[in-house]
Amino acid sequence: LKEESYERIQQKIERISIETSSRITVILDDGEVVGDTEVKLDQLENHRNRAEIIQAFEGNIGVEKRFSVSAKREMLYVAIPVTDQDQIFAVVRISYGIEFINDFLRNYRQVFFTGLLLSLAIASLISIRVSHSLTVPIKEISNDLEEIAKGDLDKEVTTLANNELADLAMNINYMKDTIKEKISEADEEKNRLENIISTMASAVIFLDEKGRIIMLNNLAESMLGLSLPLVKNKLVYEVLRNYAIVDYADQCVTQERLIEEEIMITSQGQEMYVKASFAPVYKEGNISGVTILLTNLTEEIKLSKLKSDFVANASHELRTPLTSVKGYTETLLHGAMDDKELREKFIKIIDLEADRLIALVEDLMNLSKIESEKNIVQKEIVDLKRIVSSVYDSFSHLAAEKDITITVTMEKDHSYFVWGHEERLKQVLVNFIDNAIKYTPEKGAVAIVISDKNEMIQLEVFDTGIGINEDETERVFERFYRVDKSRNKKSGGFGLGLSIAKNIIESLGGTIGVESEPGKGSKFWVLLKKAK
Ligand code: ADP
């Protein structure tokens, strides 16, 4: 342009015009057209006042749409300034017929929308495939999870997917295994607790905060005469007719404190002393129920009574011979000593009383030894035949004195071995035979019989003595029990022999008993485990 070689410009713009199907016009700053691809230059007027040209000479990109008189159609003009050192000295304008642009836009739209539709179709196809590949394994996992949730913890979550969903399934299985393990641990713990509770020596009752029975152990059922299936979830005051228990349970909940009291309950028609404790149970900081523990004290009270009775009886028994000794020694000291006959008589009595004292103390010591060794006695194999023959020998003299015959019956050539303790079993037999001779009148008979009773061996001592009333047969095994105190004074018994025998037999795991008919005789027996 600077060189004013408009010919070359004309060629150049014509080439571009063909390539772009457009009309190109070059206008100098005075409005003279120096190049145009559609209209001859001489037919063109000055273009300086064309709107787009004015805009371009102002330094902008001029855009105009109007009817072209020279091209005779609607045209879109775009003009851009041509500068040299910031000086606009010409404008190049490119113009298209509107229909061309419309055609172009139509084509463009068609391509655009076809492309859009195509890509939409492809995208939805892809998304269907992807979602299918996700939903199928999710469905599989969800089905497996449903079964696990229903309680089948052996169910494994499986999936054919090998992406993140496979990891998810693996993690779910891991979590399920951990839960299963925890549940089985909790189950074990629960069983252990239930075992402890059911075998406890106390009655246990669990109530909720409203006073409904949740659980009872076996002992509570029998102690309170309740059956768990019948009273479960029932209010305690509706099923238990014991005001003390109901009231203390109520106090325990309302006052939230541990209560320990001794109360009396009636169980199966019998009064029972129990130590009752009521402990509040908490769940997440709030009171959720009461645990009631009932411990039967009746036996303990009985035992302590038995102990104090024993001390009283023992002291009484000791006191009698001691008083007698004291009486005779005083009489001797006060002059009887000088009378030879009296002196001898009294000293003999004192000697006899001393023997009685020694015998009593020995019995007491024996009793306490057997009691203290009750649980630690070492059982050995004992030959009953040998015991019988040695005891028989030691009593033959005493029996002969009263003209009483002693016979021994057992199978010949048969051995009678039992699990026991030689010395103690001998003592039992001694006590039986001693009593049999003591309580059998002259010319009577005593029989010792040994026999097999399945897994046991029975040893019986019969006599033809005075016998024992039926209501007293069980009591003869009690300490210091004598059927007829005055009668026995003469015979010199303390009422300890049979209780020692009972203790010995029970400590050896055997049983002892008596059958008797007053005036006819008695049979004392023991059963001991056979030693093979
Ligand atoms: P004791 O030393 O008084 O004989 P035991 O404990 O051996 O004490 O006996 C308790 C009581 O049982 C005796 O006092 C006696 O009344 C009664 N008894 C024991 N054995 C016989 C028997 N074989 N016949 C009749 N009564 C007996």
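Which residue in E10 is the bridge partner of Pro280? In this predicted model, the partner is Val290. That pair is a good place to enter the structure.

Start with the two strands around this bridge. Strand E10 covers residues 286–296, and 10 bridges join this strand to E9. The pairing of E9 and E10 is antiparallel. Between the two strands lie 2 residues, and together E9 and E10 form a hairpin. Glu284 sits in the turn, with a positive phi of about 45 degrees.

Now follow E9 to its other partner. E9 spans residues 270–283 and is joined to E8 by 9 bridges. E8 and E9 run antiparallel. One bridge sets Ile259 against Phe278 in E9. E8 and E9 also form a hairpin, again with 2 residues between the strands. Here the turn holds Gln268, whose phi is positive at about 45 degrees.

These strands belong to a sheet. Strands of a sheet pair through backbone hydrogen bonds, either parallel or antiparallel. This sheet is open and has 5 strands, in the order E7-E6-E10-E9-E8. Its pairing is antiparallel. At the edges are strand E7 (213–216) and strand E8 (259–267), and each of them pairs on one side only. From one strand to the next, the twist averages 25 degrees.

At the E7 end of the order, the partner is strand E6, residues 203–208. E6 and E7 are antiparallel and share 3 bridges. Phe206 stands opposite Met215 in E7.

Next come the helices. Two packed helices are described by the angle between their axes and the distance between the axes. Take helix H9 (residues 298–333) and helix H10 (residues 340–372). They pack at about 160 degrees, and their axes are 9 Å apart. An angle over 145 degrees counts as roughly antiparallel, so H9 is roughly antiparallel to H10. The crossing of the two helices is left-handed.

Which residues meet in this contact? From H9 come residues including Phe310, Ala314, Leu318, Pro321, Val325 and Tyr328. From H10 come residues including Phe346, Ile350, Leu357, Leu360 and Leu364. By class, the contact has 17 nonpolar, 3 polar and 3 charged residues.

Look closer at one member of H9, Ser324. Is Ser324 buried or exposed? Its relative accessibility is 17%, so Ser324 counts as buried. Leaving aside residues up to four places away in sequence, Ser324 touches Ile349 and Glu353. Both of these are also among the H10 residues in the helix contact.

Compare a residue in another helix. Gln255 belongs to helix H8, residues 243–255. Gln255 has 43% relative accessibility, so this residue counts as partly exposed. How far is the C-alpha atom of Gln255 from that of Phe310? The two atoms are separated by 44 Å, and the residues are 55 apart along the chain.

A second helix pair is H12 (residues 422–438) and H14 (residues 497–507). Their packing angle is about 150 degrees, with 9 Å between the axes. H12 passes H14 in a left-handed crossing. H12 contributes residues including Arg424, Leu425, Val428 and Phe432. H14 contributes residues including Gly497, Leu498, Ile500 and Ile504. The contact of H12 with H14 has 8 nonpolar, 4 polar and 1 charged residues.

After H12, follow the loop towards E14, where Lys443 is found. Most residues other than glycine have a negative phi. Lys443 has a positive phi, near 65 degrees. Lys443 counts as exposed because its relative accessible area is 65%.

The loop leads into strand E14, residues 445–453. E14 pairs with strand E12 (residues 405–409) in the parallel sense, over 5 bridges. Thr405 stands opposite Ala445 in E14. E14 also pairs with strand E15 (residues 456–463), this time in the antiparallel sense and over 8 bridges. Here Ala447 stands opposite Phe462 in E15.

E14 and E15 form a hairpin with 2 residues between them. What is the phi of Asn454, in the loop between these strands? The value is near 55 degrees, which is positive in a residue other than glycine. Asn454 has 70% relative accessibility, so this residue counts as exposed.

Terms used
Residues numbered from 1 in each chain as written. Predicted model: local features only at pLDDT ≥ 70, side-chain atom pairs only at ≥ 80, totals over all residues. Heavy atoms only, no water. Pairing = 2+ DSSP bridges. Helix = DSSP H or I, 4+ residues; strand = E, 2+ residues; numbered from the N terminus. Axes fitted to C-alpha atoms, helices over the stretch in contact; angles between N-to-C directions. Left-handed = near helix turned anticlockwise from the far one by under 90°. Contact = heavy atoms within 4.5 Å. Nonpolar A, V, L, I, M, F, W, Y, C, P; charged D, E, K, R; others polar. Parallel < 35°, antiparallel > 145°, perpendicular 65-115°, else oblique. Buried < 20%, exposed > 50% of the residue type's maximum accessible area, 1.4 Å probe, protein only.
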